[in-house]
Amino acid sequence: HNSVGNFWVALPVVYLIIRPRTAIRGDGMLCRWGREDLAWLRAAPRYYLLNDHAAGSPQGYTGRKLWWLITFLTWLVISVSGLIKEVFVNQGLSPSTVHAMTYLHDIAFGLVGFFFLAHVYLVLVRRKSLRYMVTGR
């Protein structure tokens with residue numbers, strides 16, 4: 001677990017070094033949300049879960065923005081909570097704090113795991129979704 005944790009924390013830093021433009025563009029997407037994005041978020045559950053094509057096919061880059069947001073937030077929560085648990089546990093960290101960090105750590109991992117499995121489902125079951133993921137159209 002600890003070796004994977006080191007990889008988990010270092011990977012975004014390495015990505016920033018190797019692909020700075022892509023990383024910065026992705027970080028910029030986290031901050032820009034508009035009306036089209038809110039419309040996408042409203043239409044997506046009906047379209048994907050209820051197969052309601054009248055809701056309209058969600059298009060654009062909102063799904064990618066949402067994925068970047070979830071990835072960034074879960075990376076941050078998993079990294080910080082894991083660091084707190086690992087570094088400060090032997091320095092008198094209260095059991096309730098350790099439990100809280102474990103809880104946050106697990107919730108964040110479950111959330112990113114859910115989104116990953118949702119992408120696998122969309123690619124395997126809804127074949128058009130891969131095109132939307134890649135092109136936004």
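Which residues does Asn 51 touch, not counting residues up to four places away in sequence? The legends below begin with this residue and then turn to the helices of the predicted model.

**Figure 1. Asn 51 in the loop between helix H3 and helix H4.** Asn 51 touches Arg 46 and Arg 126, residues up to four places away in sequence being left out of the count. The loop that holds Asn 51 follows helix H3 (35–49) and leads to H4. With a relative accessible area of 44%, Asn 51 is partly exposed, because this value falls between the limits of 20% for buried and 50% for exposed residues.

**Figure 2. Surroundings of Thr 22 in helix H2.** Helix H2 comprises residues 20–31, Thr 22 among them. The relative accessible area of Thr 22 is 13%, and the residue is therefore classed as buried, the limit being under 20%. A polar contact of 3.1 Å joins the side chain of Thr 22 to the side chain of Arg 19. Not counting residues up to four places away in sequence, Thr 22 touches Tyr 15 and Trp 68. Tyr 15 of H1 and Trp 68 of H4 also belong to the contact between these two helices, which is the subject of the next view.

**Figure 3. The left-handed crossing of helix H1 and helix H4.** Two packed helices are described by the angle between their axes and the distance between the axes. For H1 (residues 2–18) and H4 (residues 62–88), the axes come within 11 Å and cross at roughly 135 degrees. H1 and H4 are therefore oblique to each other. On the H1 side, the contact is formed by Asn 2, Trp 8, Val 9, Pro 12 and Tyr 15. These residues meet Trp 68, Thr 74, Trp 75, Ile 78, Ser 79 and Glu 86 of H4. By residue class, the contact of H1 with H4 holds 7 nonpolar, 3 polar and 1 charged.

**Figure 4. Packing of helix H4 against helix H5.** The axes of H4 and H5 (residues 95–125) are 9 Å apart, and the packing angle is about 150 degrees. This angle makes H4 roughly antiparallel to H5, because the class covers angles over 145 degrees. H4 passes H5 in a left-handed crossing. Among the H4 residues in the contact are Leu 66, Trp 67, Ile 70, Val 77 and Lys 85. The H5 residues that H4 meets include Met 101, His 105, Phe 109, Phe 115 and His 119. Divided by class, the residues of the contact of H4 with H5 are 15 nonpolar, 6 polar and 1 charged.

**Figure 5. Ala 108 of helix H5 and its contacts.** Ala 108 is buried, with a relative accessible area of 5%. Thr 74, Val 77 and Ile 78 are touched by Ala 108, not counting residues up to four places away in sequence. Thr 74, Val 77 and Ile 78 lie on the H4 side of the contact with H5. Ser 81 and Ala 108 are 27 residues apart in sequence, while the C-alpha to C-alpha separation is 9.8 Å.

**Figure 6. The crossing of helix H5 and helix H6.** H6 spans residues 128–135, and the axes of H5 and H6 come within 6 Å. The crossing angle is roughly 125 degrees, and that makes H5 oblique to H6. His 119, Leu 122 and Val 123 of H5 make the contact with Ser 129, Leu 130 and Met 133 of H6. The residues in this contact of H5 with H6 comprise 4 nonpolar, 2 polar and no charged.

Technical notes: Residues numbered from 1 in each chain as written. Predicted model: local features only at pLDDT ≥ 70, side-chain atom pairs only at ≥ 80, totals over all residues. Heavy atoms only, no water. Helix = DSSP H or I, 4+ residues; strand = E, 2+ residues; numbered from the N terminus. Buried < 20%, exposed > 50% of the residue type's maximum accessible area, 1.4 Å probe, protein only. Polar contact = N/O pair within 3.5 Å; in protein donor to acceptor, adjacent residues only side chain to side chain. Contact = heavy atoms within 4.5 Å. Axes fitted to C-alpha atoms, helices over the stretch in contact; angles between N-to-C directions. Parallel < 35°, antiparallel > 145°, perpendicular 65-115°, else oblique. Left-handed = near helix turned anticlockwise from the far one by under 90°. Nonpolar A, V, L, I, M, F, W, Y, C, P; charged D, E, K, R; others polar.
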